[in-house]
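Q: I have a model open in my viewer and would like to learn how to read its features one at a time. Could we walk through it together?

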Amino acid sequence: MEHYIDAWKHALASELNSLAESKGCAGLIFSDQEIIAERPPKPELGDIGFPLFVYSKKLRMAPRQIALELSERNAAGTFAPSPKDWPGEMVATGPYLNIFLDRASAVRNLLEFAQRVEWGSSDAFNGQKIMVEFSCPNTNKPLHLGHLRNNVLGESLSRIMKAAGAKVKKVNLINDRGVHICKSMLAYLAYGEGHTPADEGLKSDHFVGKYYVLFNKLKEEDPKAEEKAQTLLQKWEAGDPEVMALWKKMNDWAVNGILATYARQRVSFDEFHFEHETYKLGKKEVLDGLERGVFYRGEDGAIWIDLEELGLGKKVLLRKDGTSIYITQDIGTAIMRHETWPFDELVYVVASEQQYHFKVLFEVLKRLGYSWAERLYHLSYGLVNLPSGRMKTREGTVVDADDLIDELSELAAKEIAEKGRADAVGNLDSVSEEIALGALHYFLLQVSPIKDMLYNPEQSLSFTGDTGPYIQYMGARASSIIRKHEAGEGNASLGSISPSLFKGNADWTLARMLLELSTTIEQAAKNKDPSLLAGYAHALSSEFSAWYRDNPVLNNEDPNVSASRLEMVRVVKKSLRIVSELLCVPFLEAM
RNA sequence: GCGUUCGUAGCUCAGCUGGAUAGAGCGACGGACUUCGAAUCCGUAGGCCGCAGGUUCGAGUCCUGCCGGACGCACCA
């Protein structure tokens, strides 16, 4: 679609310039870029709309009058702006100039473009190196619903950026040190009796999480528990062999369990960074900044930055004793990352509660003189709640990631059995798991990232409505039609494909939507917002559903119609598959 | 208290850089299976876009104030 829009913007700009000249507005020139194009609110109004208000003042003409004159000139052939490869018709509608594209030509383009390898991608980011940091779990407990949103946002965004032409590197910083880890260790020492996850039949990260919760019990029994955790941390930092051995053991359990959840959720990373390796980074930069006068030493001996003028207050960057804090590490990690892989942009997918932290971090890096600090971006996302209420660690209402996927998968399996589809789907376990992931991921991505949201498990699994399974179902239906053809049903193989057969409104609505695929991907990438693509996925599915109801593909007398429609089904399937993958919704041939 | 952010149909959410009569899904009500999968589809009802000002030819969208919710305001991460 972008071809059409660009070509018509150009056409309109030159027509406006010609109009300006004839009106004696010397030197008045409109560039392609300043032309505003939009999609008319109703299909009857056209395919591309140009509101003319903005040119009105410069031309000293009413918008309606501009529209009229332009369309008259066009009709009279005085000016022939219809772009050769992207033909259409110009119609004045009040203060708007609307374009009706030539349908047969556009469908011909669609069928041809969809054959190319670059279908469903764009070059908007033109090889830019984009690093995306997401997930960043603590190794003292398993992942929960909030992580699932983070993971799918990061994974989906990475895929979208890649489809938009970027080189993407997905990174994960594992928070494997700190006092919270020591608490799990302390509780394990108190109650663990040397057990392993296998002994207790628990997934290894759940095993570690169990002891983290048990620390609360320890606190009640031992008033000095908190103090002991601090002591343990000091021993850890000193490299005490016994402490290190225990840490290593428990940490491996936690990390391995978390990796299993990633594999199950089908998210992956190109690089892992570990906080136990990075936590000392940044100290040098802070000291360096102190020398250069970017920071100052407070009366208390700690190193500070003053951001009062930005309304961000004052912030400690390095403790009095020279040890690092969270932000020190993030400063060092960002610099290390840029040195090893000079990115054009670094996106941090982190919950909105850390907005302040990132504002400070970006400002610090900017003041240290790193020009790339301008290209750091905090993709801030809201909390996920459940209809039953808020998730609170203390009240034990946190929804565990593994448990949730289990539950969804079981519900899907039950549904398949009830509908009598068990034989048709083949592998029941894997298909129900894929429906579960489709339901979960789509629901989480459907909402704009910044907003807090309500996750409704039952609704997400519905096969009707704006859901993942609905999109999977339409993909399966398209696949089913193609399968039937391959099995010899219908007469499509006797006919030939003819774009001019797609004349109806339903044909055109579907075709035009397909033409918008790469534009939508581009937009989602630019806005860093997968929900735009989710909306597209639903609209396309719904449009396809209405179309194939009224337009029999295989059961048709005319073989040319059958062949042509079958080709359209192929394009739909291909496009749905692409969109599904970008949204981390598994594509299913049958369900 | 200060800062950030959100407030659109009964519920959950769209609404691209300001543009034409504000859209979906769920739920409600009413319809459609001898024809490519009814896990679907079609139709109807349902809105002072939190409130009040302002900017503009034009505001759900931008600015200000107020009201309401969320989050943040550690030498934790």
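Q: What covers the buried residues of H21?

A: This is a predicted model, so the picture below is a reading of computed coordinates. The cover over the buried residues of H21 includes helices H1 (2–22), H5 (145–163), H20 (505–515), H22 (530–550) and H23 (559–582).

Q: Which residues of H21 are buried?

A: A general idea helps first. An α-helix has 3.6 residues a turn, so residues three or four places apart point the same way. In this case, H21 runs over residues 517–527, and its buried residues are Leu517, Ser518, Thr520, Ile521, Glu522, Ala524 and Ala525.

Q: What happens to the backbone just after H21?

A: Look at lysine 528, which has a positive phi of about 50°.

Q: How much space lies in the second largest pocket, and which residues are closest to its centre?

A: The second largest pocket holds about 830 Å³ of space. Its lining has 28 residues, and Met1, Glu2, Ser518, Thr519 and Thr520 are the closest to the centre.

Q: Which helix gives the most to that lining?

A: H21 does, with six residues. At least two lining residues come from each of H1, H21 and H22. At the level of domains, domain 1 (2–101) and domain 3 (401–582) each provide at least three residues of this lining.

Q: How do I read the chemical character of the lining of the second largest pocket?

A: Sort the residues by class. Here the lining has 11 charged, nine nonpolar and eight polar residues.

Q: How does the largest cavity read by the same approach, and what is its volume?

A: A search of the whole structure finds one cavity of 30 Å³ or more. The largest cavity has a volume of about 40 Å³. Its lining consists of Thr139, Asn140, Ile181, Ser184, Met185, Val208, Trp247, Met250 and Asn251. Helices H6 (179–191) and H10 (241–265) each contribute at least two of the lining residues. By class, five residues of this lining are nonpolar, four are polar and none is charged.

Q: Let me try single residues. Is lysine 573 buried or exposed?

A: The general idea is to compare the relative accessible area with a cut-off, and buried means under 20%. Lysine 573 has a relative accessible area of 14%, so this residue counts as buried. Lysine 573 sits in helix H23.

Q: What does the side chain of lysine 573 make a polar contact with?

A: Its partner is the side chain of glutamate 589, at 3.1 Å. Setting aside neighbours within four places in sequence, lysine 573 is in contact with Ala478, Ser479, Ile482, Phe587 and Glu589. Glutamate 589 is thus found both in the polar contact and in the list of contacts.

Q: Is glutamate 15 buried or exposed?

A: Glutamate 15 is buried, because its relative accessible area is 0%. This residue lies in helix H1, one of the helices covering the buried residues of H21. For a sense of distance, glutamate 15 and methionine 568 are 553 residues apart in sequence, with their C-alpha atoms 35 Å apart in space.

Q: How should I read alanine 92, and which residues does it touch?

A: Alanine 92 is in strand S2 (residues 88–93). With 26% relative accessibility, alanine 92 counts as partly exposed. Not counting residues up to four places away in sequence, alanine 92 touches Ala67, Leu68, Ser71 and Leu97. Its C-alpha atom is separated by 37 Å from that of alanine 163, which is 71 residues away along the chain.

Q: Let's zoom out. How is chain A divided into domains?

A: Chain A has domain 1 (2–101), domain 2 (129–381) and domain 3 (401–582). The C-alpha centres of domain 2 and domain 3 are 38 Å apart. Between these two domains, 27 residues of domain 2 are in contact with 30 residues of domain 3.

Q: What are the totals for chain A as a whole, starting with helices and strands?

A: The secondary structure of chain A comprises 23 helices and 13 strands. Its C-alpha trace spans about 90 × 70 × 40 Å along the principal axes. Of the 591 residues in chain A, 53% are buried. Contacts can be read by sequence separation too: among those joining residues at least 6 apart, 75% join residues at least 24 apart.

Technical notes. Residues are numbered from 1 along each chain as its sequence is written. Chains are lettered from A and ligands numbered from 1 in the order in which they are written. This is a predicted model: local features need pLDDT of at least 70, side-chain atom pairs count only at pLDDT 80 or more; totals for chains, interfaces and linings use all residues. Side-chain values use heavy atoms; hydrogens and water are left out. Buried means under 20% relative accessible area, exposed over 50%, partly exposed in between (1.4 Å probe, protein chains only). Helices (H or I, at least four residues) and strands (E, at least two) are DSSP runs, numbered from the N terminus. Contact means heavy atoms within 4.5 Å. On a 1 Å grid over the protein atoms alone, a cavity is a set of points where a 1.4 Å probe fits but cannot get out, and a pocket is an open set with protein on both sides within 12 Å along at least five of seven lines; lining residues have an atom within 4 Å of a point. Grid points are joined across faces, edges and corners, and a volume is the space filled by probe spheres set on the points. Ala, Val, Leu, Ile, Met, Phe, Trp, Tyr, Cys and Pro count as nonpolar, Asp, Glu, Lys and Arg as charged, and the others, Gly among them, as polar. Domain bounds come from an automatic or database domain assignment. A polar contact is a pair of N or O atoms within 3.5 Å; within protein, one must be able to donate a hydrogen and the other to accept it, and residues adjacent in sequence count only if both atoms are side-chain atoms.
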